[in-house]
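Me: I have a structure to go through. Let's take the ligands one at a time, in questions and answers.

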Amino acid sequence: MTKVIETDVAIIGGGPAGLAAAVSARKAGAENVVIIERHHELGGILQQCIHNGFGLHRFREELTGPEYAYRFIPEVWDDPKIDVYLNTMVLDLAKDQSITAVHPSHGLITLRPKATVLAMGCRERTRGALNIPGTRPAGVYTAGAAQRFVNMDGFMPGKKVVILGSGDIGLIMARRFTLEGAEVKAVVEVMPYPAGLTRNIAQCLEDFDIPLYLRSTVTKVHGKDRVEGVTVSQVDDAWQPLPGTEMHIPCDTLLLSVGLLPENELTQMADVPLDSRTQGAVVDQNRQTLIPGIFAAGNVLHVHDLVDYVSEEAEIAGRAAAEYALRDGDTRQEKITVIPGENVSYVLPQRLDPDAETEFYLRVTKPIDRITIELGGVRLAVRRLVRPSEMLKIRLRKDHWEKLKQENGETSLELVLDAKAQPVPSPRAQREGVRQ
Amino acid sequence: MEKFLRCRGYLCTLDLGSFLHSHIPNEEVKWLGKRSHYDAIVIGGGVVGTAVLRTLAKLELSAALLEKETEVGWGVTKANSGIVHSGFHSEPGTWKTKLSVLGNQMFDQLCEDLDVPFKRNGMMLVAATPEEEEIIKHYYNQGLINGVEGMEILDQKALHQLEPNLSPQISMALRAPSGGIVLPFELASAQAENAAANGAHVYTDMEVTDIDYNGSVFIIHTKQGMSFTSEYLINSAGLYADELAKMCNLDIEPIIPRKGEEYLFDLKVGDIVSHTIFPVPTPTSKGILVIPTAEGNIMIGPTALELPYKDDVTTTPQGFEEIFSSTQELVPGLNRRDIITSFAGVRAGSPTGDFIFQLSHDGKGVHLRGIESPGLTAAPAIAEHVLTLLKDAGLEKPAKKDFNPRRPRVVRFNELSDEEKAEVIQKNPLYAHVICRCETVTEGEIVDAIRRGAKTIDGVKFRTRAGMGRCQGGFCTPYVVDILARELGVSPLEITKRGGDSYLLAAEAKALLKGGTLCD
Ligand SMILES: Cc1cc2nc3c(=O)[nH]c(=O)nc-3n(C[C@H](O)[C@H](O)[C@H](O)COP(=O)(O)OP(=O)(O)OC[C@H]3O[C@@H](n4cnc5c(N)ncnc54)[C@H](O)[C@@H]3O)c2cc1C
Ligand SMILES: Cc1cc2nc3c(=O)[nH]c(=O)nc-3n(C[C@H](O)[C@H](O)[C@H](O)COP(=O)(O)OP(=O)(O)OC[C@H]3O[C@@H](n4cnc5c(N)ncnc54)[C@H](O)[C@@H]3O)c2cc1C
């Protein structure tokens with residue numbers, strides 16, 4: 001017989017999002033909470049991030065990944081009303097929230113929660129998604145897999161490394177490889193600006209004299225058994241390689257740090273509608289998806305660069321899930337749709353209750369020196385030196401709503417969020433703007 | 001490095017290849033360092049060589065297979081379209097026609113016995129112009145002569161009813177329901193496994209470098225230093241069959257290598273077509289196809305590019321554009337963003353255009369050359385034909401009474417019902433540990449694959465699909481390395497992607513800092 005577990009709130013994934021959601025659901029009154037985690041320990045991707053830099057915003061300290069996780073884990077373990085199922089993988093999530101998972105001793109288990117928080121994190125994009133021509137030798141890894149090998153298993157995947165993509169994991173790994181005695185020959189980025197955080201460019205590349213080639217990509221992989229080198233070419237504005245710019249770099253390893261994708265298989269099984277921009281669920285300010293009772297937070301919802309905001313977002317979702325479970329349902333009202341406008345690549349939440357006081361998380365499409373953020377024409381904030389790699393947080397207050405009503409009338413069900421560029425160049429902006 | 005190299009040759013096969021190990025009696029093991037004698041030796045462990053070995057294993061004789069790669073099935077067999085052709089493409093009277101039509105009929109039983117995924121999804125040859133419609137009718141008539149059963153010509157409406165995602169331009173189709181799809185690598189490894197279970201020996205990492213004949217037996221030398229003797233020799237070395245034939249002093253025209261690139265889509269577009277869709281053929285190939293693979297992905301390809309050498313398995317931007325643009329004319333809904341991986345295979349192009357069965361040494365040496373497409377389809381029939389040739393040359397052995405045609409069933413966790421899942425987990429909790437999350441492959445399946453002969457990351461991947469999904473091993477590779485090392489009893493540093501020097505790891509962490517003694 002399949003074991004059936006009833007609970008107020010079920011949380012899928014025990015990374016920082018799942019942990020924070022569990023704690024906050026309990027604080028909000030959930031009688032019992034279940035966390036299901038496929039791995040043998042809690043903490044998610046943080047467990048392999050042994051570098052420091054986590055928690056600056058939340059704890060005003062530079063913690064390592066595991067240290068950050070341990071700010072939450074004891075609280076979860078010590079709470080008898082939070083049940084943690086480790087080594088347990090969720091295989092199926094139905095629209096009515098019934099969850100099927102495999103557990104090593106119980107076999108298949110079924111959960112019937114009143115509310116569910118999705119916290120499955122994300123996964124890395126790979127070479128296939130990019131379709132790099134050439135051979136398929138050993139030695140091509142995603143940066144995260146390489147990180148696991150080095151930090152968790154104690155093995156070096158290679159000695160001479162080229163990194164494709166300037167995402168944060170790639171940058172962190174450039175430094176790790178160098179510190180471990182390997183040679184990082186280059187980081188290659190197709191865009192005219194780096195994808196990772198500015199602090200990581202400084203601390204992981206510049207401090208170690210690792211060259212960063214912008215507007216360039218790997219156009220061929222060489223080597224039969226093991227990678228022997230890569231061809232790097234410059235690209236035009238349409239990302240097409242420019243003939244004649246090829247450069248051969250001998251190496252034994254190619255690391256891919258070309259972006260992360262929210263892990264939304266389960267979300268799709270439950271027919272939860274996704275946003276094509278974030279690749280995660282469409283949610284309201286409580287991080288409730290369009291399926292009532294199903295909430296989402298963390299990297300499964302949109303790719304975060306800072307774990308601090310993962311925790312913050314998960315606390316919102318956990319609290320709201322508990323409230324939903326206690327209320328035994330949703331008091332649904334018509335919601336306002338927020339549409340990303342000028343220079344905005346995505347914005348979250350995509351749906352709002354009228355009058356909701358909340359914070360928008362958004363990213364811009366390109367580096368801009370100075371912007372004003374406007375919702376439905378109402379100015380919310382001004383920001384300087386914004387870049388796509390850094391998520392912006394913008395508060396939406398009561399007074400904004402009042403102005404909105406004046407300008408858009410009571411009934412507007414669609415609001416555009418713009419990030420309007422302001423023509424105020426400063427010497428510093430020019431220095432830090434587009435890096436070549 | 002020394003240490004690893006030593007483990008890599010045949011010795012490693014004996015220590016590690018568990019199915020091999022269990023089928024080689026102890027007395028014989030000590031011989032393996034020197035020379036071993038067999039009644040018949042097959043060179044080359046592709047889908048053809050392993051089919052021949054399994055056919056030999058049905059008789060009371062000793063048989064062995066020598067394969068240069070670390071696992072069987074890694075030649076052309078690994079990198080093809082996986083189609084079991086119905087047989088209307090080739091001209092009447094050719095070996096290709098005879099053996100592929102016959103081979104096609106053998107697939108149901110074969111795949112049932114060996115528990116290899118196989119489906120008769122049907123083939124559709126499509127036309128968009130009046131000229132192409134004429135060509136289609138020609139193939140219909142040719143199919144009738146070749147003995148292809150169940151063919152029908154569909155008009156525009158009927159064909160779009162069956163395949164609504166085909167381009168509206170397509171006006172006529174020849175449908176052949178007997179066409180199917182199979183997992184070629186799985187078939188080859190299953191044939192080897194079943195042959196071994198019935199007493200045949202499989203030597204991997206065993207590259208034949210020279211062949212002598214002393215008047216009664218072949219003496220086969222290998223790069224690994226071991227030599228073998230046998231009365232009969234079957235050369236099924238695929239692309240390299242011409243080189244082996246030369247070792248037997250046959251004067252032959254060389255094989256014409258012809259490369260084909262293929263591109264694989266994410267599972268989510270898997271049901272865009274159900275038939276394998278063919279355009280009208282070109283002079284050198286059957287054209288660029290849209291193929292629903294036996295695993296539920298869509299694959300497009302192959303190109304057909306003649307090459308001066310045999311080992312170019314690179315994919316190219318030109319190949320991709322050629323394939324993608326021509327399949328747009330067949331199934332315009334395919335989106336290039338959904339492609340998850342690509343590969344290329346090299347066909348052993350025949351100098352005559354047909355399969356070649358060449359004999360040496362009074363018929364005791366049988367050389368299979370130019371086994372190009374539809375060589376996969378024909379493989380089981382080729383094996384039967386080889387046996388006839390050997391019998392003609394004097395091989396007379398009774399059937400093995402206790403031959404077991406069936407292979408122990410493979411647990412494919414993802415395909416089980418909830419009850420079945422619960423049951424396998426109860427028997428073995430490793431089936432509750434999901435290692436590859438894209439394809440839901442469990443540790444139990446990976447361990448089983450290793451027990452059946454997988455020794456490398458690719459071996460595990462092709463047997464279980466771990467690492468074949470949309471993240472392409474990004475997540476599970478470190479775990480699979482771990483399991484392989486544990487099950488094979490070696491250091492993770494010795495694990496390769498696919499044998500040779502394709503090591504995954506370079507050194508222990510910190511070793512590079514200590515002067516790099518472990519490396520270079
Ligand atoms: C290499 C790297 C470096 C980083 N550096 C920094 C940094 O310096 N500073 C910073 O602030 N942030 C950093 N981050 C970001 C931060 O670590 C992530 O944003 C955060 O871990 C995301 O949390 P999450 O809980 O959403 O996802 P994850 O941590 O990925 O957790 C998801 C969990 O869900 C589990 N799961 C998934 N599917 C299932 C299923 N079907 N069943 C059961 N369980 C499942 C997974 O096993 C995992 O434990 C970094 C991230 C990476 C990858
Ligand atoms: C792109 C492409 C698509 C195709 N599609 C189809 C299809 O859809 N349907 C179909 O029916 N056919 C298809 N074919 C043809 C089919 O793949 C081949 O006919 C078939 O795989 C041939 O099998 P084989 O065993 O002869 O060759 P291989 O699989 O190449 O086996 C030969 C083996 O010999 C080994 N070997 C070589 N030299 C030595 C040596 N010196 N010592 C020891 N071992 C050695 C090799 O390592 C190899 O494993 C396709 C071919 C290509 C390239």
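Me: How far does a backbone N or O atom of A:Arg38 lie from a nitrogen atom of ligand 1?

Reply: Remember that this is a predicted model. A polar contact needs a pair of N or O atoms within 3.5 Å. A backbone N or O atom of A:Arg38 pairs with a nitrogen atom of ligand 1, and the distance is 3.1 Å.

Me: Which residue has a backbone N or O atom 2.8 Å from an oxygen atom of ligand 1?

Reply: Two backbone distances can be set side by side here. For A:Val90, a backbone N or O atom lies 3.0 Å from a nitrogen atom of ligand 1. The 2.8 Å distance runs to an oxygen atom of ligand 1, and its backbone partner belongs to A:Ala17.

Me: How much of ligand 1 does the protein bury?

Reply: Start with ligand 1 taken alone. It then exposes 1000 Å². Of that area, the protein buries 93%.

Me: Which element gives the largest share of the shell around ligand 1?

Reply: Four elements of chain A each supply at least two residues: α1 (16–27), β3 (52–54), β6 (89–93) and α10 (307–327). The largest share is 3 residues. That share comes from α10(A).

Me: How many charged residues does the shell around ligand 1 have?

Reply: In total, 33 residues surround ligand 1. By class, 16 are nonpolar and 12 are polar. The charged residues number 5.

Me: Now ligand 2. Which residue has a polar side-chain atom 2.7 Å from an oxygen atom of ligand 2?

Reply: First, two backbone cases. A polar backbone atom of B:Lys68 is 3.2 Å from a nitrogen atom of ligand 2. A polar backbone atom of B:Glu372 is 3.3 Å from an oxygen atom of the ligand. The side-chain atom at 2.7 Å belongs to B:Thr377.

Me: What percentage of the exposed area of ligand 2 does the protein bury?

Reply: Taken alone, ligand 2 exposes 1000 Å². The protein then covers part of that area. The buried part is 97%.

Me: Which domains of chain B each give at least three residues to the shell around ligand 2?

Reply: The shell around ligand 2 counts 41 residues, and B:Asn80 is one of the nearest. Its classes are 17 nonpolar, 17 polar and 7 charged. At least three residues come from each of domain 1 (32–77 + 185–254 + 353–392) and domain 3 (256–349).

Notes:
Residues numbered from 1 in each chain as written. Chains lettered and ligands numbered in written order. Predicted model: local features only at pLDDT ≥ 70, side-chain atom pairs only at ≥ 80, totals over all residues. Heavy atoms only, no water. Near = heavy atom within 4 Å. Polar contact = N/O pair within 3.5 Å; in protein donor to acceptor, adjacent residues only side chain to side chain. Areas by Shrake-Rupley, 256 points an atom, 1.4 Å probe, with all protein chains shown as cover. Nonpolar A, V, L, I, M, F, W, Y, C, P; charged D, E, K, R; others polar. Domains from an automatic or database assignment.
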